Structures are given as C-alpha cells and as structure tokens.
Amino acid sequence: MDRPLRLITASPVDRLARTIEALLVVASQPLSADELATAANDDSERVETALRLLGERYAEGRSGIVLEHVAGGWAFRASREAAEACGRLFERPVERGLSAAALETLAIVAYLGPVSRPEIARVRGVAADSVVAGLVERGLIAEAGREDGLGGAVRYRATPLFERVFGLDSLSALPRLDDIGESTDEIRTRLESVAERRPA
C-alpha cells in the first residue's frame, strides 16, 4: 500500500519546498534549479533537496499534478489520470491534434533548424507558409533570425513550448540522426531529392 502523502512541515528545507512549489505554480514556463535558487534567495544545493522532496510528493499516481523536469527546467503538469478531464476544461490550440503536414514541418525545424520557409518547402516538396504560420501561432516554433543577405528569409527554430509539449528535456533528447548513420547534411540532401520527385 502506498505511503500517505507526507505533509510539508516547518523545517528550513520544507519551507523552501513550499516557496519553490509556489514559484512553479505561478511560472509560465519551466524554471531551472538556478532560476529557482535566485528567486528563492537560496543556494542551488538546498533547492535540489527541496525539489526531491516535491518530486516525492507530486509523483505520478500520488497526486493530480506531477512535478517533472522538462525543457531544461522544472514544471508541474496534470497527472495522466487527470489529463482527459483537463482537456475537457481547456481546449487549447497546442493540445489539439497536429496534421501530418504540421508534424513533418515540426520534425524538419527540430532536426535541421534554424531553417527558413523555402528550405522547409524544399525538404517537404510543397509550400510551407500556412503550416509554418500555424505552428508559430501555437508557439511550437519561433523566429530565429534571418538568412544572410539583403531581404534574407526568416529562419525558424523549435521553442521551449515544443520541448514541453513533447516531453523533452531539450532538443538533444530527440532520437539522434547519427544513429541511422547519416549526417544532417546527408539527411537534408536525401529528403530534398525525395521531395523533388514528389508529385505536386
């Protein structure tokens, strides 16, 4: 039988855990241990201890919310058993299903980014303007500068929200292209050649 939830009592680490809990509730994005230490005016080692305490309290299956390390920081999310009810309460654009074109485009940006719309179109073999605009609107990709030269095309990168939605600690957690024995340039060349042969 599961142990009952341990109440966060009044020791200094317990008080720090309550402060961190509040910071994570009000934060709009995941916070790193260093950011939490700065905001709590405490040292990182004690923050790590407090995070372990919170991690035990807010573990999957023990609470309706779960503490997780995602997108390079710490954040709360709904537990798996509560996710369906939360989905009914809030229909958010990011949580609605993504089309195959959107998923293709996201993969290109995540693996090859920062990339421009013309580059995405070359890889996919079809125009990408509306798909890119939709992904920007959902906050899954964002502008990341322009290509060199006068009037260079805007380049796009995956955002921390993309990492959070897909449960990634960072983009380095994506399956590695090297694992299939090809470099990024070889993958890009191969995808572009496939796209060129694709019927319009």
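Visitor: Is Leu103 buried, partly exposed or exposed in this model?

Guide: The model is a predicted one. Leu103 belongs to helix α5, which covers residues 100-112. Its relative accessible area is 41%, and a residue counts as buried under 20% and as exposed over 50%. Leu103 is therefore classed as partly exposed.

Visitor: Which residues form a nonpolar patch on the surface together with Leu103, and what is the accessible area of the patch?

Guide: The residues that join Leu103 in this nonpolar surface patch are Leu161, Val165 and Phe166. Taken together, the four residues Leu103, Leu161, Val165 and Phe166 have an accessible area of about 300 Å².

Visitor: At what angle do α5 and α6 pack?

Guide: Two packed helices are described by the angle between their axes and by the distance between those axes. The axes of α5 and helix α6 (residues 117-124) are 10 Å apart. The contact is made by Ala101, Glu104, Thr105, Ile108, Val109 and Leu112 on the α5 side, and by Ile120, Val123 and Arg124 on the α6 side. The packing angle of α5 and α6 is about 115 degrees.

Visitor: Is the crossing of α5 and α6 left-handed or right-handed?

Guide: The handedness of a crossing depends on whether the near helix is turned clockwise or anticlockwise from the far one. For α5 passing α6, the crossing is right-handed.

Visitor: Which peptide bond is cis, with omega near 0 degrees?

Guide: Most peptide bonds are trans. Pro114 lies in the loop between α5 and β3 (115-116), and the bond leading to Pro114 has an omega near 0 degrees. The cis bond is the one from Gly113 to Pro114.

Visitor: What is the phi of Asn41, which is not a glycine?

Guide: Most residues other than glycine have a negative phi. Asn41 is located in the loop between α2 (33-40) and α3 (44-57). With 73% relative accessibility, Asn41 counts as exposed, because the cut-off for exposed is over 50%. The phi of Asn41 is positive, at about 55 degrees.

Visitor: How many helices and strands does the protein have?

Guide: From the N terminus on, the elements follow the order α-α-α-β-β-α-α-β-α-α-β-β-α-α. The secondary structure comes to nine helices and five strands.

Visitor: What share of the residues in the protein is buried?

Guide: The protein has an accessible surface of about 12,100 Å², and carbon and sulfur atoms hold 53% of this surface. A residue counts as buried under 20% relative accessible area. Of the 200 residues in the protein, the buried share is 33%.

Key. Residues numbered from 1 in each chain as written. Predicted model: local features only at pLDDT ≥ 70, side-chain atom pairs only at ≥ 80, totals over all residues. Heavy atoms only, no water. Patch = residues over 30% accessible without salt bridge, like charges linked within 9 Å, V, L, I, M, F, W, Y side chains within 5 Å. Areas by Shrake-Rupley, 256 points an atom, 1.4 Å probe, with all protein chains shown as cover. Salt bridge = Lys/Arg side-chain N within 4 Å of Asp/Glu carboxyl O. Helix = DSSP H or I, 4+ residues; strand = E, 2+ residues; numbered from the N terminus. Buried < 20%, exposed > 50% of the residue type's maximum accessible area, 1.4 Å probe, protein only. Axes fitted to C-alpha atoms, helices over the stretch in contact; angles between N-to-C directions. Contact = heavy atoms within 4.5 Å.
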